[in-house]
Structure formats: C-alpha cells, structure tokens
Amino acid sequence: MVTIGNAHEDLIHDAVLDYYGKRLATCSSDKTIKIFEIDGTENYKFTETLVGHEGPVWQVAWAHPKFGSILASCSYDGKALIWKEQPETRQWSIIAEHKVHSASVNSVSWAPHDLGAVLLCTSSDGKVSVVDFNEDGTTSHIIFDAHAIGVNSASWAPVTKDNTRSFVTCGSDNVSRIWKWDSTKEKYVEEAKLEGHTDWVRDVAWSPSVLVKSYIATASQDRTVLIWTQEGNGKWEKQLLTEEKFPDVCWRCSWSLSGNILAVSGGDNKVSLWKESLQGKWESAGEVDQ
C-alpha cells in the first residue's frame with residue numbers, strides 16, 4: 001500500500017487515481033491540486049502542483065484517457081477548472097474555466113466516455129450544470145435548478161443502448177433526484193425523487209455496472225446509507241444498508257468498478273466495505289485500515 005505523507009498544508013478533500021491507476025490527483029483546503037506518479041504498491045513520485053483556485057478545492061475528476069491527460073477540479077470559489085497536460089512537455093495548464101455558478105461548486109464528474117467529454121457540476125447555489133466540450137474546441141452548457149438549499153453531489157447513470165443521458169443528484173433538502181435528458185423539450189426533466197433521509201444527503205453514487213437491477217447509494221448527515229434499487233417495473237425501492245446507524249456523519253459512498261462492493265467513508269475517519277448477500281441483505285466486507 002502506498003502512503004503519501006505531508007502532501008498538502010491543509011485538509012485533503014479528495015484523492016483520485018486515473019483510469020490506469022498510475023497517477024494520483026489530490027486536492028485540499030490549501031487551494032492546490034497535487035499530482036503523483038504511482039509505481040507499484042510502495043513507490044510514488046510527486047510531479048506537479050496545480051495552482052489556480054482561489055478557495056478550498058473540494059473534488060477532482062480524471063477524464064477518460066481517450067480525451068488525453070485531463071483533470072477537472074471544483075472549489076469554494078464557485079469555479080470548475082479543466083486542466084490538461086501537454087504530452088510533449090509534461091506541463092499542466094488550464095484549458096477551460098467554468099464560471100456559471102454563484103456559490104461553491106461542490107462536485108465534478110465526467111460522463112461515461114461514450115457520451116463524449118461532458119462534465120457534470122453541482123453547486124451550493126441549488127443548481128446543476130452540464131458542460132459539453134466539443135471536438136471543435138467550443139463548449140456549451142445547460143444549467144438548471146435541482147435542490148433548493150444546495151446540491152452536494154451527483155453521479156452519472158451507466159450508459160444505455162440509446163445513449164440517453166441520466167444522472168442522480170443529492171442535496172441539502174434531504175432528497176436525491178434522478179434527471180433524464182428529454183430531447184423533445186431540450187432540457188433535463190426530473191424522473192424520480194428519492195425520499196428517505198432525515199438530514200442533508202452528502203453523497204450519491206450510481207453503480208457503474210449494468211447488473212440485474214440498477215443500484216444507487218445515498219450517504220447522509222443522518223448517519224445512514226440507503227440503497228435504492230430499480231427492477232423492470234421502473235419503481236425505485238429503498239433499504240437501509242445497515243439497521244444500526246453509523247458512528248458519525250456519512251460523507252462519501254463509492255462503488256467498485258464491478259458494481260458489487262460499496263465503500264462508505266464517514267466522520268469517524270473510517271472506510272467500511274459492503275457487499276450484497278444472495279438473500280439481498282447487505283453485509284460487511286471489511287474495513288480499510290489507515
């Protein structure tokens with residue numbers, strides 16, 4: 001296991017490996033992003049500090065490698081920045097600034113690469129924006145109201161046969177909402193409202209694999225995680241991940257690439273792993289130490 005010490009001068013809010021697991025991007029309240037090269041399970045090399053945000057940087061997201069070495073970041077400063085590394089010089093630079101929000105941008109996530117270079121941003125201003133980075137170098141975006149008190153996170157649905165764009169958002173109004181692109185109305189319409197938490201929904205994750213049914217996990221300030229499943233009838237059913245509440249706030253939830261293991265991190269600084277049994281119950285699959 002690689003352990004990186006003293007990477008930032010303040011709290012680290014996110015750490016994400018690229019598609020190949022060879023590079024790590026971290027971001028912090030110190031307003032910077034750092035890039036590390038990972039070699040095996042023991043070695044790493046610090047390569048770059050990216051400076052451009054004027055506030056704490058909450059999240060980073062690598063684009064699919066087919067678009068090049070591209071990283072998106074979002075900050076309390078109300079901006080999402082797109083960074084690109086030039087392959088010849090290995091120098092990073094900002095290639096786009098997304099400045100349509102009037103408050104903190106809380107999350108950034110790239111769409112499945114089949115849909116193109118498309119970035120989803122959520123903000124404390126209650127809005128969600130979707131930015132298309134077109135092949136000719138132009139950009140276009142759509143912004144709309146999603147959660148009245150603020151949007152905390154979002155997650156794309158796996159790609160369907162017809163390449164319809166769908167994603168789920170969660171907010172400080174205690175709910176999550178599923179949005180689907182309506183090509184006739186040329187806007188995102190609310191397809192479902194997921195109600196079950198009694199406090200802010202901090203994070204939401206749509207399982208990336210198309211299994212027998214669709215899975216969405218929501219992590220909340222109320223110290224619970226809910227698993228939402230959708231089968232053929234189209235209705236979303238919910239169940240508690242565990243009957244007992246977590247010891248502290250549930251901050252983040254994340255699915256494995258195969259879609260069958262869920263990781264949950266909370267205010268107690270622990271990461272727990274969960275797996276569904278054959279009986280449809282969720283069981284502990286261990287904890288991540290450190």
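Two strands count as paired if DSSP finds at least two bridges between them. In this predicted model, strand E17 and strand E18, which covers residues 214-220, meet that condition with five bridges, in the antiparallel sense. Within this part of the fold, Trp 206 stands opposite Ile 216 of E18.

**The sheet**

E17 and E18 belong to an open sheet of four strands, ordered E17-E18-E19-E20, with antiparallel pairing. The edges are formed by strand E17 (201-206) and strand E20 (236-240), each of which pairs on one side only. From one strand to the next, the twist averages 20°.

**Aromatic contacts**

Aromatic pairs number 17 when ring centres within 6.5 Å are taken as the criterion. One of them joins Trp 181 and Tyr 188: the ring centres lie 4.9 Å apart and the planes meet at 65°, so the pair is edge-to-face, because planes over 60 degrees apart fall in that class.

Both residues are part of one aromatic cluster, whose members are Phe 144, Trp 156, Phe 167, Trp 179, Trp 181 and Tyr 188.

How exposed or buried are the two partners, Trp 181 and Tyr 188? The table gives the relative accessibility of each.

| Residue | Relative accessibility | Class |
|---|---|---|
| Trp 181 | 27% | partly exposed |
| Tyr 188 | 6% | buried |

The class boundary that applies here is 20% relative accessible area, under which a residue is buried; partly exposed lies between that value and 50%. Tyr 188, at 6%, is therefore buried, and Trp 181, at 27%, is therefore partly exposed.

Conventions: Residues numbered from 1 in each chain as written. Predicted model: local features only at pLDDT ≥ 70, side-chain atom pairs only at ≥ 80, totals over all residues. Heavy atoms only, no water. Helix = DSSP H or I, 4+ residues; strand = E, 2+ residues; numbered from the N terminus. Axes fitted to C-alpha atoms, helices over the stretch in contact; angles between N-to-C directions. Phe/Tyr/Trp six-rings, centres within 6.5 Å; stacked < 30°, edge-to-face > 60°. Buried < 20%, exposed > 50% of the residue type's maximum accessible area, 1.4 Å probe, protein only.
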